[in-house]
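Colleague: Could you take me through one part of this model up close? I'd like the hairpin and whatever leads on from there.

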Amino acid sequence: LAGGMTTLPAVKLGLASYSDIIDIKRIKELSGIKLSGKSLKIGATTKHVEVAESKQIQKTISSLSISGTSS
């Protein structure tokens, strides 16, 4: 569980039930944007705004960046 945008409301409404939920958002290794050779890795807990504003993203996958969107 990182954001819980759908999981937590579903649990609260009784629509889903889990025996274990693990909060992964504080695991630093799962956050960030790393460029290595021809690989670009976006960590599972990286925030959308970080991706949208990243200079690395803008250079490699401009469609994911703010500047890559059309107005």
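Modeller: Here's a walk through the hairpin, the loop after it and a surface patch. Keep in mind that this is a predicted model, where local features need pLDDT of at least 70 and side-chain atom pairs count only at pLDDT 80 or more, while totals for chains, interfaces and linings use all residues. Residues are numbered from 1 along each chain as its sequence is written, and side-chain values use heavy atoms, with hydrogens and water left out.

On confidence, the chain averages a pLDDT of 86, with 90% of the residues at 70 or above; pLDDT is the predictor's own confidence in each residue, from 0 to 100.

Now the hairpin: strand 1 (residues 33-36) runs antiparallel to strand 2 (residues 39-42), joined over four bridges. Strands here are DSSP runs of E with at least two residues, helices are runs of H or I with at least four, and both are numbered from the N terminus; two strands pair if DSSP finds at least two bridges between them. Leu35 sits opposite Leu40 of strand 2. Two residues lie between the strands, and Gly37 has a positive phi near 65 degrees.

Carry on past strand 2 and you meet Thr45, in the loop that leads to helix 2. Thr45 counts as buried because its relative accessible area is 13% (buried is under 20%, exposed over 50%, partly exposed in between, using a 1.4 Å probe and protein chains only). Its side chain reaches the backbone nitrogen of Ser31 at 3.4 Å.

For contrast, look at Tyr18, in the loop between helix 1 and strand 1: Tyr18 is partly exposed, at 47% relative accessibility.

Methods: A polar contact is a pair of N or O atoms within 3.5 Å; within protein, one must be able to donate a hydrogen and the other to accept it, and residues adjacent in sequence count only if both atoms are side-chain atoms.
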